[in-house]
Structures are given as structure tokens and as C-alpha cells.
Amino acid sequence: MARPSKYKQEYADQAYKLCLLGATDKELADFFGTTEQSINAWKGKYSEFFESIKRGKDDADAKIAQSLYHRAKEYKHKTVKILQHNGKIIQMPYTEHYPPNTTACI
């Protein structure tokens, strides 16, 4: 007779959030106090768990791809530099410029 699963329904949401942070299956197993084999079994048995992991990893990958895209091409954004002069705080708006980064292209 097999042992009952330690899986809980709230694991799906937790797995999604952990995967957004870049968690691997090994790290998920460590977090849930189980093994990678159990994580793989849960993926097969609980579709909401599998979908949460897939969605979290896909969303994290998309954010990285978007960040690399911005670094690969030239881009600018408006920001504020905060300075102090004679005890007075001065806010100076300016445009931050990022030149193309060929390493990000790779």
C-alpha cells in the first residue's frame, strides 16, 4: 500500500510564485520538504500543480527575454536625480540612456 501524498491544493499557488522567482524542480522539492520524484509525480497527478509551474516558469522566462531585449537594443527612460546643495534637496529630472549591449544579444 502506497503512502498518502503530501500534496496540498495550496501548493499550486506557492509553486507558481516560486517559479516566478526562478525556482527549479529541485528547489521546489526542498521548499515542500519532498523529492524531485514527488514533484514530478504531483505534476502528473495534479493538473493545477503542473499548470501553475508551467505558467510561473513561462512568465519568468518572458520577463527575462523582455529584459534582455531592452538591454540588447538602445533604450531610454525618464528618471529623477536627487541632489543636496547647501542643505536643500534638489530633484533634477533627466533621461537615462542605455546603449546597445551586444552581450545581451547573444
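What percentage of the 106 residues in the protein chain is buried? Keep that in mind for a moment, everyone, while I say hello and thank you for coming. One thing before we start: the model on the screen is predicted. Now to the number: buried residues make up 22% of the chain's 106 residues.

Let's look at the overall build. The protein chain has five helices and two strands. If you walk along from the N terminus, you meet them in the order α-α-α-α-β-β-α. So much for the parts list; how does the whole thing sit in space? The C-alpha trace spans about 75 × 40 × 20 Å along its principal axes. The radius of gyration is 22 Å, whereas a compact globule of 106 residues would have one near 13 Å.

Next, the surface and the contacts. The accessible surface of the chain is about 8,100 Å², and carbon and sulfur atoms hold 55% of that. As for contacts with a separation of 6 or more, 46% of them come from residues 24 or more positions apart.

Now I'd like to introduce two lysines. Please find K43 first, in helix α3, which covers residues 36–45. Is K43 buried or exposed? It counts as buried, because its relative accessibility is 18% and the cut-off for buried is under 20%. Who are its partners? Leaving aside residues up to four places away in sequence, K43 touches D25, F49, F50 and I53.

The second lysine is K73. You'll find K73 in the loop between α4 (47–72) and β1 (75–85). With a relative accessible area of 32%, K73 is partly exposed. Which residues does K73 touch, not counting those up to four places away in sequence? They are Y98, P99 and P100. Here is one more thing to try on your own screen: pick the C-alpha atoms of K73 and C105. These two residues are 32 residues apart along the chain, and their C-alpha atoms are separated by 8.1 Å.

Last stop, the pockets. The largest pocket has a volume of about 230 Å³. Its lining includes R3, P4, S5 and K6, and also T34, T35, S38, A41, W42, K45 and Y46. Sorted by class, that lining has four nonpolar, four polar and three charged residues. If you'd like to practise, colour the lining residues by class and see whether you can find the three charged ones.

That's my tour, and I'm happy to take your questions.

Key
Residues numbered from 1 in each chain as written. Predicted model: local features only at pLDDT ≥ 70, side-chain atom pairs only at ≥ 80, totals over all residues. Heavy atoms only, no water. 1 Å grid on protein atoms, 1.4 Å probe; cavity = no way out; pocket = protein on both sides within 12 Å on 5 of 7 lines; lining within 4 Å. Points joined across faces, edges and corners; volume = space filled by probe spheres on them. Nonpolar A, V, L, I, M, F, W, Y, C, P; charged D, E, K, R; others polar. Helix = DSSP H or I, 4+ residues; strand = E, 2+ residues; numbered from the N terminus. Rg over C-alpha atoms; globule rule 2.2 N^0.38 Å. Buried < 20%, exposed > 50% of the residue type's maximum accessible area, 1.4 Å probe, protein only. Contact = heavy atoms within 4.5 Å. Areas by Shrake-Rupley, 256 points an atom, 1.4 Å probe, with all protein chains shown as cover.
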